[in-house]
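Colleague: I'm new to this one and would like a close look at a single part. Could you pick one helix and walk me through how it sits in the rest of the chain?

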Amino acid sequence: MASEELARKLQSRLIVTEDGEPRPEPEHRSVRPKTQEPEAACSDSFSELSAKLTRRLDINEGNTAPRPTRVFNPYTEFKEFSRKQIKDMETMFKRYDTGKDGFIDLMELKLMMEKLGAPQTHLGLKNMIKEVDEDFDGKLSFREFLLIFRRAAAGELQEESGLMALARLSEIDVSTEGVLGAKDFFEAKMQAASMGSKYEAEIREEKEERKRQEVEKKQRQAAFKQLQSTFCS
């Protein structure tokens, strides 16, 4: 048996190809199974979808309140203030909304109070936001910003509070034109209901002012054309 095996091995070595080169013996390579690479994108998408489904389930079961979606109109909701006052408040809000995201966060409020000459501590700033932060997002929306002036005009803020300092130093007078010095919020709302005609008059004045500006613009254009034709003739 040993001699037969030796003869077979010698015979296999002597076998040559047609061009005289020995045939290579076939190699037996082990095939490694491919491992799946982690897909981060799919994982993130799954986590996001899972979070959305969990929130939807909580809303359906009554464990979480859905986010309120409503259109905010400051002129109809804050009728105790004139249109000019609200526009002044909006101008101030946008001035310190340096991120241009429609909110005043903690750092932007810190800058505002420093500019107004009433700097606050970190805890003081957080308490200022907390006092009017109705949606608990840790920042001030324009509506929440208006609430500061509403409460200041209604006498609902403490004299030494940061919010009162903001309202007092903002140079927006809400004590007489706003709620007519009302000390109680509900009294202010009753007085605001009788100010509808004032808003209508302000709107008419704004429209008339725009019309007057358009007329003056057309007159200037006509005068320029007449001067130009006289110069060219």
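Modeller: Sure. One term to begin with: a residue counts as exposed when its relative accessible area is over 50%, and as buried when that area is under 20%. Keep in mind that this is a predicted model.

Let's take helix H6, which spans residues 122-132. Its buried residues are Gly124, Leu125, Met128, Ile129 and Val132. They cover an arc of only 135° around the axis, so they end up on the same side of H6. The general rule behind that kind of spacing is simple: an α-helix has 3.6 residues a turn, so residues three or four places apart point the same way. Now look at the face turned away from the buried side: there you'll find the exposed residues His122, Leu123 and Lys130.

What covers the buried residues of H6? Helices H5 (106-115), H7 (142-153) and H8 (162-169) are among the elements that do.

From here you can step out to the largest nonpolar core, which has 34 residues. H6 supplies at least two of them, as do H4 (83-96), H5, H7 and H8. The largest share, 8 residues, comes from H7. Within this core, Leu109, Phe145, Phe149 and Leu166 have the most contacts. Take Leu166: leaving aside neighbours within four places in sequence, its contacts include Met128, Leu109, Phe145 and Phe149. Met128 is one of the buried residues of H6 you've just seen.

As for the whole chain, it comes to 10 helices and 0 strands, and 27% of its 233 residues count as buried.

Conventions:
Residues are numbered from 1 along each chain as its sequence is written. This is a predicted model: local features need pLDDT of at least 70, side-chain atom pairs count only at pLDDT 80 or more; totals for chains, interfaces and linings use all residues. Side-chain values use heavy atoms; hydrogens and water are left out. Buried means under 20% relative accessible area, exposed over 50%, partly exposed in between (1.4 Å probe, protein chains only). Helices (H or I, at least four residues) and strands (E, at least two) are DSSP runs, numbered from the N terminus. The arc is that of the directions from the helix axis to the C-beta atoms. Contact means heavy atoms within 4.5 Å. A nonpolar core is a set of buried Ala, Val, Leu, Ile, Met, Phe, Trp, Tyr and Cys residues joined through side-chain atoms within 4.5 Å.
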